[in-house]
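Trainee: Hi! Could you walk me through how some of the helices pack in this one?
Mentor: Happy to, let's pull it up.
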Amino acid sequence: METSDFYGTEKVSRILLKIAPPVMLAQLIQALYNIVDSFFVGKYSETGLTALSIIYPVQLLMIALGVGTGVGINTDMAYYLGIGKKKKAEEVAGTGTPLGLILWIIFAAVCYVTLPAYAGMSTDSPEVIRDVVAYGRIVCLFSIGLFTEGIWSKILQAEGDMRTPMIAQIAGAVVNIILDPLLIFGMLGMPEMGISGAAVATVVAQGISAVLCAIYIMRKCKILIPAREHFKVDGPLYRELTGQGLSMGFMLAIVSTGTVILQYAINQLGYLIIAGHTAARKLNSFCSLPLMPLAMATATFVSQNRGANQRDRILKVVRYAMILSVGWAVFITVMVAFAAPSLIALLSGSSESVVLENGVRYIRWNTPFYSVLGILLVLRNVLQGLGKKVVPLVSSMIEMVGKIAFVLLFIPILKYFGVIICEPVIWCLMCIQLIISYY
């Protein structure tokens, strides 16, 4: 744990360039799981492809809880390293595993019970409901690999180890790509499992990533192995981590819940609009990819320098991260202005004009507002790194309430254009609240 000098003395630009790209790659790999599943499932069944679109927000919610809690623990570790309490940072690291297991059990139980109702709210097709439940129950019940790997990766990154999580996640992605066609179509002696095969491939891949992290931890990083005291729920450290870790996790989970609500409204607009929106959202995920890792990197940096009482370095990293976010927004807006039609056609696999036109409209309206999105993500994570648990949650609540308002009031009138402007309008409101809170 020699990260204190690195975060406290190294150039801000070099720190961000070291810790942001691995997080970016991890998020890209998580996005690829659903895209790879969609590619092979789409060749097997049209109802299966629709089911994946419906279950995707639930997967985002699951990732938000696992990764968000890991970032919260990462932030606490960085703070204790900043004030020179390495033993305390080790205790924080050891408590991460029990916390991840508790989250997995709760999430798996809730999803198993509620998935049929969620699927019924999203579609009237019995075949699609069946596929949603089949795929969703597998990826939720066996999500232990996602939760443990998500937390272990963030703890390793807090120690300055960016390489190990990246290798583990790449290995998992490769396994998923290999297993998908084998299990979906029943190739090379494997059983033909259809959409359930895609789910099994996903959880096996996530499990392999977690196992690789576990092997490294047992050999090189034993401080992450929990001791008996780490399972005492009533301990002060556990309560502190529950507050810090879950506040970050719930912050992202609230955002994902808003996405689930918005998806319900989209599902009422017809299958062609759903297809165009699904393609646009996938393109949106890639286009906005650098913004969240950059923001998460600032949270770790700010927390460590808060512990070291380095106010000037905190202000500097905030300015630097905002400049990078706005610069990326300008670049991607120009690129999308020219390439959007071709990219939407590629991702949707459709030549229908309704699909292409709506997908292009969505992405072209959204990318100019990435500058606002980038600033709000930076400020939300910086406030988390400063130990402010409530303000980021308020920001997330604004997003969820805003999406509910659009679903109830504006989308019924504006139709798909209401969906297009929903998030840009909400981003602006959130950004105003966060700027006031920060300054």
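Mentor: Asp 131, Ala 134, Tyr 135, Ile 138 and Val 139 in H5 meet Ile 195, Ser 196, Ala 198, Ala 199, Val 200, Thr 202 and Val 203 in H8, where contact means heavy atoms within 4.5 Å and helices are DSSP runs (H or I, at least four residues) numbered from the N terminus.
Trainee: How do the residues of that H5 contact with H8 divide?
Mentor: Nine are nonpolar, two polar and one charged. Ala, Val, Leu, Ile, Met, Phe, Trp, Tyr, Cys and Pro count as nonpolar, Asp, Glu, Lys and Arg as charged, and the others, Gly among them, as polar.
Trainee: Is this a predicted model, and what's the numbering?
Mentor: It is a predicted model, where local features need pLDDT of at least 70, side-chain atom pairs count only at pLDDT 80 or more, and totals for chains, interfaces and linings use all residues. Residues are numbered from 1 along each chain as its sequence is written, and side-chain values use heavy atoms, leaving out hydrogens and water.Trainee: Back to packing: at what angle do H5 and H8 cross?
Mentor: Roughly 15°, and their axes come within 8 Å; axes are lines fitted to C-alpha atoms over the stretch in contact, with angles from 0 to 180 degrees between N-to-C directions. That makes H5 roughly parallel to H8, as the angle is under 35 degrees.
Trainee: And what about H13 and H16, how far apart are their axes?
Mentor: The axes of H13 (residues 353–366) and H16 are 10 Å apart, at an angle of about 15°.
Trainee: Where is confidence lowest, and where highest?
Mentor: Helix H1 (residues 3–9) is lowest, at a mean pLDDT of 54, and helix H16 (residues 416–438) highest, at 91; pLDDT is the predictor's confidence in each residue, from 0 to 100.

Methods: Residues numbered from 1 in each chain as written. Heavy atoms only, no water. Helix = DSSP H or I, 4+ residues; strand = E, 2+ residues; numbered from the N terminus. Parallel < 35°, antiparallel > 145°, perpendicular 65-115°, else oblique.
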